[in-house]
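Thanks for sending this one over. My notes on the charged side chains follow, as numbered points, with a few words on the overall fold at the end.

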Amino acid sequence: MLRPKYIRRLAFFASLGAASTAWSTGVGVAVFVSGDVWRMENDRPLAIDNGAAINEDARYKTGSNGHLYMKMNDGGLFILRPNSEGYVRRYQYDPATPQASQIKFELLGGVARAVSGKGSKAAPEKFRFNTPIAAIGVRGTDFTVFTTAEATRVAVSEGAVVFSPLTHGCRPEDFGPCNIPLAQVLDANRHEIFEIRKGENQIRREPAKNGEPLERLSPVPAPR
């Protein structure tokens with residue numbers, strides 16, 4: 001007999017599949033909203049619910065009890081955990097030409113997880129995940145990011161990322177992995193966490209601790 005927690009997981013992932021066939025207008029849909037979650041419009045918080053359309057160039061924020069799971073039109077996921085704020089800067093995806101996709105996320109503060117969909121897998125050179133101080137490109141992957149204005153940390157669950165400080169030759173307005181000497185590749189098999197701190201170009205490394213949240217491992221305070 002299945003345990004209740006596994007039944008809940010099956011129901012949740014079934015809801016993800018159902019959502020993909022019932023898009024609202026937008027570039028994705030909120031498939032799981034829990035606690036305080038808002039779409040920010042001119043710095044005014046607008047509460048959103050399950051099934052809300054996810055819009056391009058839109059900012060989303062979670063409170064201390066908030067979780068937001070966004071399923072994008074290509075099957076990718078962008079997840080915000082409590083006390084987090086992020087942008088869906090650009091999400092251009094056409095199933096007829098996935099190689100022409102352009103995707104950009106931005107995490108202003110807190111913790112986010114990104115799982116590659118068909119667009120970023122077909123056009124990794126056109127995917128970018130920015131924080132205030134770092135740039136992340138992908139190689140078909142599942143990764144988690146923690147950031148404040150002072151430090152960014154990344155861990156990879158599947159695939160690999162290219163991690164780089166935002167600096168000359170690696171601009172936030174660009175797409176794709178940064179091709180500069182400071183950039184380093186982190187793949188899931190290494191079981192490490194990479195960190196960049198504001199004002200430094202050196203990438204710090206440390207062993208990943210299973211089940212330990214990235215913000216708890218960080219030497220800088222979590223965002224309020």
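1. Searching the whole structure gives 14 salt bridges, where a salt bridge is a side-chain nitrogen of Lys or Arg within 4 Å of a carboxyl oxygen of Asp or Glu. Please keep in mind that this is a predicted model, in which local features need pLDDT of at least 70 and side-chain atom pairs count only at pLDDT 80 or more, while totals for chains, interfaces and linings use all residues. Residues are numbered from 1 along each chain as its sequence is written, and side-chain values use heavy atoms, with hydrogens and water left out.

2. The pair I would look at first is Arg153 with Glu195, whose side chains form a salt bridge at 2.6 Å, N to O. This pair links distant parts of the chain: Arg153 sits in strand 13 (residues 151–158) and Glu195 in strand 16 (residues 192–197), 42 residues apart. Helices (H or I, at least four residues) and strands (E, at least two) are DSSP runs, numbered from the N terminus. Both Arg153 and Glu195 are buried; buried means under 20% relative accessible area, exposed over 50%, and partly exposed in between, using a 1.4 Å probe and protein chains only.

3. Two other salt bridges involve partly exposed residues. Glu41 and Arg44 meet at 3.7 Å, N to O, with relative accessible areas of 31% for Glu41 and 47% for Arg44. Arg171 and Asp174 meet at 2.8 Å, N to O; here the relative accessible area is 43% for Arg171 and 21% for Asp174. As for networks, salt bridges with shared partners join Arg153, Glu195, Arg197 and Glu206 into one.

4. Which side chain of opposite charge is nearest to Asp74? It is Lys121, 8.7 Å away, and Asp74 has no salt bridge although it is buried. In this count Lys and Arg are positive and Asp and Glu negative, with His and the chain ends not counted. Asp74 lies in the loop between strand 6 (67–72) and strand 7 (77–80). Beyond its neighbours within four places in sequence, its contacts (heavy atoms within 4.5 Å) include Tyr91, Tyr93, Ile103 and Lys118.

5. On the fold as a whole, the protein chain has 3 helices and 17 strands. Of its 224 residues, 45% are buried. Among contacts with a separation of 6 or more, 54% are between residues 24 or more positions apart.
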